[in-house]
Amino acid sequence: MGIDSSSFSSISNRYEGRFVRHRDYNNSLIIYDKKSDDSRNAQSQAATTDQKEVQLQHDLEEEEPVPYVVLVQGPPKVGKSMLIKSLVKFFTMHHLDNVRGPITVVSGKHRRLQFVECPNDVNGMIDAAKYADLVLFCIDASYGFEMETFEFFNLLQVHGFPNVIGVLSHLDKIKCDGQLKVTKQRLSRQFRNEIYGGAELFYLSRLDNGMYMDDEIHNLAMFISVMKFNPLSWQTAHPYVLVDHFEDVTSPERVQIDNTCDRNIVMYGYLRGSNFKRGTKVHIAGAGDFPVYGITSLADPCSLPIAAKMKGVNDKERLFYAPMSGLWGLLYDKDAEYVDELNDNDEVTRSEIEGFRAGTYLKLEVHDVPFEMTKNIDPNCPILVGGISLEDENVGYMQARLKRHSWHRKLLKTRDPIIVSAGWRRYQTRPIYAQEDGGNRLHRIDSTPEHTDCLAMFWGPLAPPDTGFVAVHNLAGNKAAFRISAMGVILDFTQAAEIVAKILKKCNQVGTPLQTFKKTAPIKDMFTSDLEIDWLKGAAIQTARARGNVEKAAKKKLVSELIRKGDQRREGIASCSFQHKISLCDKVFMRVWKQVSELKDSGDCTGQGMESVGELKDSLNKVDPARRQQTITQRRGVVFAEKKKNTGNRICKEYQRSLSGLLFDTRKSNLIG
């Protein structure tokens, strides 16, 4: 049954203002009311608008995430500063004249980044490994890998491994296209095999108007803007501040009276990690532990724009903050204080109970800091301030498992000073190395093994078990072949000397015979008392001629005769037996195990560190007083041995010819037969 075409006019008049849909399978009409659809769309739009307003209010009330620290690391002259300038220009549309200190930028809707150039000195590299959230390894593709990259890589392994991205620069120096492709493949394979498997690599070919190419920077910047940052356990469990502004607020009258007096300083920066409670002490890297005289929360100098809560950041709304580079986003009053979207009472109560929350921009005031800190402040080396708990303030003995780095040329000797970096601290100590010798006895060794690990006992600020640490020889500006001496992990700690008491060293006690009999002889100068002789009764002794044992203390009659002859020793003369008669000129030896004496010397390393015994001897060498650890001024390249492909067994050409001739002769004989 169909519908007549003449009936369309009446239908259209009857259902005017409505949608009519024709179904083929049953010839039925479906009528939709257009007016009802319009009202339904208006209600949906109103609900969406209300939902957006609620979401906007929720975004305004929630805490802003702390800026992620993007550390640009690499050897000198590899393009670190140029990379930071190019990234800042992409995010902010501003040009930086110089890169000094942390540079904070708004990179997206809910993200801020803080760019830091990693120093090439050991102090700066150790501190940078502790606060980095992302590391950009800059590699000169025209030269290859260098030692600075692998030194920092070992520091990251100890202090927590953040996200890693490789950046190959100076590709324009490789002129041949075929060689460029091979170089990219080789460096990419080596980077993933030796540094970080599965890491992303980006390529920077050449400069355009003093900056890297826009499309190459765009790819790197967009990847950083959307990548996921994995929190590190040590960072999330401890509060810390990366200082982006530093002031000396010491009274001028006090400085005029004594130019070397302790200083009062004020430091500014974002609080990261856990909450910071009042009364918590801080450790300033390279300066020591200090109580906080005053702490204040300030307005965020580089906050996320309000418009960015619902849309992307426009070019006019892009913000950045780099006070050490001379670009200020906000001037601070000395007495200014930031008040939350909460009231005064709630904020004060929360700060007293919970402490200052992570992401807050803080002003820290510390008193009685050594004047060397303000004198030697370097804007290119940011200051790391870490909060320490009451347990971290204790000092004692620590037992650790340590392994000398295979790239370090020299073995580490017992009681030679090393600089240890564990937790927020770096300090100097003199460890004792030992190996397990069965049971509970630990055998002290003179130096670390060449290819295996050993135990190390040292005195210093206590760190919890399973805490990784790294050891360096000194902090001097010169560069050895490889500056990382050893790495290890804390096994146990205590404030008592019981750990050191387990370490025994093998010693030789030497004595001389007073008289000689057939198979016995009284021995002097080997023991200090008769009690020691009784304790070591039956101990093995030997000379160059024979072996023997300690029997007992000498008789009083013999001792009296020795006193009459002029010997003043009344005790410590032992009667010993031997395999056969010995001579008066023989030296008698006895090997014993003695406990290692306690060693309590460590301290914050503020300078280059103490010198070892060998270095002191070199400094006293009159022939060549400048003979020290070699200073390497040229670039320190790293060469990897490429794995050869297995092509199977090869046969020399002469043998192939002989085989082919033999085969021909065999075929010929078969045909003749």
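**Figure 1. Cavities in the predicted model.** A search of the whole structure, which is a predicted model, finds three cavities of 30 Å³ or more. The largest cavity has a volume of about 120 Å³. Its lining comprises 15 residues. Those nearest the centre of the largest cavity are W234, A422, G423, W424 and R425. Two elements give two or more residues to this lining: β19 (384–388) and β22 (425–429). Sorted by class, the lining of the largest cavity has nine nonpolar, four polar and two charged residues.

**Figure 2. Packing of helix α3 against helix α7.** Helix α3 spans residues 80–92, and helix α7 spans residues 214–226. The two helices pack at an angle of about 75 degrees. Their axes are 10 Å apart. The angle of about 75 degrees falls within 65 to 115 degrees, so α3 is roughly perpendicular to α7. On the α3 side, the contact is made by L83, S86, L87, F90 and F91. On the α7 side, I217, H218, L220, A221, M222 and S225 take part. The contact of α3 with α7 has eight nonpolar and three polar residues. No charged residues belong to this contact.

**Figure 3. The open sheet of seven strands.** Strand order in this open sheet is β8-β7-β6-β3-β5-β4-β17. The pairing is mixed. β8 (200–203) and β17 (320–321) are the edge strands. Each of these edge strands pairs on one side only. At the β17 edge, strand β4 (residues 103–106) and β17 pair in the antiparallel sense over two bridges. V105 has F320 in β17 as its bridge partner.

**Figure 4. Helices α6 and α7 across the sheet.** Helix α6 (residues 177–194) lies across β6 (134–140), β7 (163–169) and β8. Helix α6 runs at about 150 degrees to β8. Helix α7 lies across five strands of the sheet, namely β3 (68–73), β5 (112–117), β6, β7 and β8. Its angle to β8 is about 155 degrees. β6, β7 and β8 are thus listed for α6 and also for α7. α7 is also the helix that packs with α3.

**Figure 5. Strand β23 and its partners β24 and β25.** Strand β23 covers residues 432–436. β23 pairs with strand β25 (residues 454–461) in the antiparallel sense, over three bridges. In this pairing, A434 stands opposite L455 of β25. β23 also pairs with strand β24 (residues 442–444). That pairing is antiparallel too, over three bridges. Here Q435 has H443 in β24 as its bridge partner.

**Figure 6. Surroundings of H367.** H367 lies in strand β18 (residues 361–369). Leaving out residues up to four places away in sequence, H367 touches R263, N264, F290 and Y293. One of these contacts, F290, is 77 residues from H367 in sequence. In space, H367 and F290 are 7.8 Å apart, C-alpha to C-alpha.

Notes
Residues numbered from 1 in each chain as written. Predicted model: local features only at pLDDT ≥ 70, side-chain atom pairs only at ≥ 80, totals over all residues. Heavy atoms only, no water. Axes fitted to C-alpha atoms, helices over the stretch in contact; angles between N-to-C directions. Helix = DSSP H or I, 4+ residues; strand = E, 2+ residues; numbered from the N terminus. Parallel < 35°, antiparallel > 145°, perpendicular 65-115°, else oblique. Contact = heavy atoms within 4.5 Å. Nonpolar A, V, L, I, M, F, W, Y, C, P; charged D, E, K, R; others polar. 1 Å grid on protein atoms, 1.4 Å probe; cavity = no way out; pocket = protein on both sides within 12 Å on 5 of 7 lines; lining within 4 Å. Points joined across faces, edges and corners; volume = space filled by probe spheres on them. Pairing = 2+ DSSP bridges.
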